[in-house]
Each structure stands twice: as C-alpha cells, then as structure tokens.
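Ready to practise reading a protein model? Take a look at the sequence and structure below, then work through the exercises with a pencil in hand.

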Amino acid sequence: MPKGELQKMTGLITQLVASPHSSFYRDLYGVPAGSVPNLNTTHDWSLVPICTKEHMLERPMREYTFVPHKTIDSIYYTSGTSGKPPMFCARLVYIDGLSFRKEFYSFPGALLSSIKAQHRSDEFLAGIGSQALTINFDGKHIAACVRLAKAAGVDSLGVHTFTIQAIGEEMKKVGMNQDIRLINFVGETCSLMLYSYMKETFPNAKLTAYYGLTEAEGAVAVPCRELSDTEPYPVLHPHKEFHLDIVDPATKLLLPLEAGVEGEILITDLHPGRALPLMRYSPGDMVRIVESACKAHGTFTFTVLGKTASDFMLVPGGELRSDEIERVLRNIPTEGTDYFEIHRFD
C-alpha cells in the first residue's frame, strides 16, 4: 500500500476511535479515545483487527452509529437468511451510490427497482436530469407491478438477482421485455443460466451489476463493463469511496492484486461521515481478481465467487468450494446445469 494511502488510513482510524457518538472501534481495538495507530508499512495495516457482522449483532444499533440520530434518513436491516438475527444499519440523508449507472444509460423512461428505498432512486434520476420516476418492485404482486411498470413507461431495471426471472416472465406476457434497455442487478452471483436467460428475454438491454451490502452506504464496487458472451459474469472495480483488500481466508494475510488471485474481500469506507463507517470489514465473500489494472479505469477488477462460510466441503488436505466445481462444469463442452449438489463419501 502506498505511503499516502497508509496516512489516509491512519487518519480514518484516528477519527473513528475518537468519535463522540460511538465507542465501537475503541472497544474493538481495545484502545483509549486519543489513540493514533502506527501504520508505517502494509504489514502494519494487515494487523488492524478485522470487523465482522458478528461484532455488530452483539450490540444495539445505537452503539455502532457514528452520527447524531437526528441526521438519520432511514434504517436498513439485513435479511437474516444465514439463520442469525437481522442486523440494523442507519443511513444518512442521501449519500450518492447509484450515479455509476449513468455511464451505461441516460434513463429517459421510468426505472423498476427492488432496491430500497424508493426515494434514493428518485434522487439519482433527478440528479442526472431525468424526469422519470421509480416504480417499486412488489414481489407479492408481480403481475400487477409489471402492468404498472408498462403503464409508467419503464425501460430499465435496478433489481436483485433473484427477481429477474420472475420479472422477465411477466414482462413477456405484457409484451414489454424488448423495451428494456438496461438491467443493473445486485445480490447473488450471476449464473451462466441467468445470463443466458437475460440475453434471450431482454435482447435490447445492457447487462450490468454492482457489489453492495446492507452494511455499506452506496455501492462498494461498480461495473467496469457490461456482461458479454466472452465475460458472462460481472467484472467490477472498487468505488472511489471504498478501499478493498483481498486476503487469504485462512490466514487473513494480504494477497497480491494480480489476475487469477482468489481470496476474501475486506472493505474500508473512505468517506469520513458515514453513519456506519466500515473499517477492514469482512462480509464473508470470496472474489477472484480479473485484472491488476483495467484499461478503462486503471484499477484492479474482480468478480464475486460466493460466500467463504457456505457452499464448501471439508476434504483431506483442505476444502472444496462450489465455485471450483462450477468452473469445471462450465468447461465441459456438453449441456449442463447451474444447479448441483455436493456429496462426500468416505
């Protein structure tokens, strides 16, 4: 890590430790309020304790909120699909996290969005000069929602991965699937089957994705380019307001940002005024570096493989991850499926 970045990280940690609103990082690091970290080398940075969702689940939201409560715009919560209690996160009055979309489309028509809350998408549209509005996706009334989208002139989707096929089938019924010009999705990894479905169902749409978390305000990583037949998976680069590290999931040591390297992603928020600023935060996601520096943006790019704590099996000598099996299946020159189970027999 360059010296200038280390100095920036020193300032960020110092500010978080001194926060009058929360002692969260003071408690995590076991230091008093006036502490200044000694970050002279990349190794020093790698020794800063990693933060996880479990650290926050142990506390009420007010204990990890770093702004006065009167400045909170909304409160988000994680789904708790891992079987653990949901985690609640405060959000400030609008921080831009969607403007990257304008690189791919001008949004003359309405946007169908499953990404809450609606007013954030409306502010994005207004911010780029669009007169369009946002239609919220209603998963319990998909047919009615799509009919409303058609009447409103929807021509783009900002949705979660798992909603795309349900939306596509209803849009085919009302004859508006070919009107869609952009799909920007977030959530689970995009399977080859889903990519093929989107290409067939929405033939006129650009396909893009971003990487976001409930815990983070705004997009953590944004699309470097559209999905294509040569790259039918999202290729992302870090958002300018986030610093990303890739570490070995077992040792937590930093890995080089070189093509082909796979590791666990850590997220550090470079914006000083977030309601929940993340510092070396691990969401438990595995990624693969695609390029050490892309031609368009000059930064490293990556694709998300899946969770570190799920979809794997312990075997003699290590572990076998589902994405490794998927990679093999995709290289078999016969018709296959994205759905498979792993069974181990001793």
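Below are four exercises on this predicted model, each with a worked solution.

**Exercise 1: one helix, two sides**

Work out where the buried residues of helix H6 (residues 142–152) sit around its axis, and what covers them.

*Solution.*
- Step 1: Pick out the buried residues of H6, which are Cys-145, Val-146 and Ala-149.
- Step 2: Look down the axis of H6. Those buried residues fall within an arc of 95 degrees, so they line one face of the helix.
- Step 3: Recall a bit of helix geometry. An α-helix has 3.6 residues a turn, so residues three or four places apart point the same way.
- Step 4: Check the face turned away from the buried side. Here you'll find Arg-147 and Ala-151, both exposed.
- Step 5: See what covers the buried residues. The cover includes strands S4 (110–113), S5 (134–136) and S6 (154–160), along with helix H7.
- Step 6: Move just past the helix. Gly-153 follows H6, and its phi is positive, near 80 degrees.

**Exercise 2: now try H8**

Do the buried-residue analysis for helix H8 (residues 192–201).

*Solution.*
- Step 1: List the buried residues of H8: Leu-194, Tyr-195, Tyr-197, Met-198 and Thr-201.
- Step 2: Find their arc. Down the axis of H8 they fall within 160 degrees, so they too line one face of their helix.
- Step 3: Name the packing partners of these buried residues. They are helix H7 (164–174), strand S7 (182–186) and strand S8 (206–209).

**Exercise 3: rings and charges**

Decide how the rings of Phe-24 and Tyr-25 are arranged, then look for charges over rings.

*Solution.*
- Step 1: Know what to look at. A pair of aromatic rings is described by the distance of the centres and the angle of the planes.
- Step 2: Start with the count, which is 10 aromatic pairs. In the pair of Phe-24 and Tyr-25, the centres are 4.9 Å apart and the planes make 85 degrees.
- Step 3: Compare with the cut-off. Planes over 60 degrees apart count as edge-to-face, and that is the label for this pair.
- Step 4: Add the surroundings. Phe-24 and Tyr-25 are both buried, and ring pairs link them with Tyr-29, Tyr-64 and Phe-66 into a cluster.
- Step 5: Turn to the charges. Arg-91 has its charged end over the ring of Tyr-76, 4.0 Å from the centre, while Arg-280 lies over the face of Trp-45 at 5.4 Å from the ring centre.

**Exercise 4: a pocket**

Describe the lining of the second largest pocket.

*Solution.*
- Step 1: Give its volume, about 390 Å³.
- Step 2: Go to the lining. It has 20 residues, and the closest to the pocket centre are Glu-5, His-243, Leu-244, Asp-245 and Leu-257.
- Step 3: Assign elements. Helix H1 (3–17) and strand S11 (242–247) each give two or more residues to the lining, with the largest share, 5 residues, coming from S11.

Methods. Residues numbered from 1 in each chain as written. Predicted model: local features only at pLDDT ≥ 70, side-chain atom pairs only at ≥ 80, totals over all residues. Heavy atoms only, no water. Buried < 20%, exposed > 50% of the residue type's maximum accessible area, 1.4 Å probe, protein only. Helix = DSSP H or I, 4+ residues; strand = E, 2+ residues; numbered from the N terminus. Arc of directions from axis to C-beta. Contact = heavy atoms within 4.5 Å. Phe/Tyr/Trp six-rings, centres within 6.5 Å; stacked < 30°, edge-to-face > 60°. Lys NZ or Arg CZ within 6 Å of the ring centre and 35° of its normal. 1 Å grid on protein atoms, 1.4 Å probe; cavity = no way out; pocket = protein on both sides within 12 Å on 5 of 7 lines; lining within 4 Å. Points joined across faces, edges and corners; volume = space filled by probe spheres on them.
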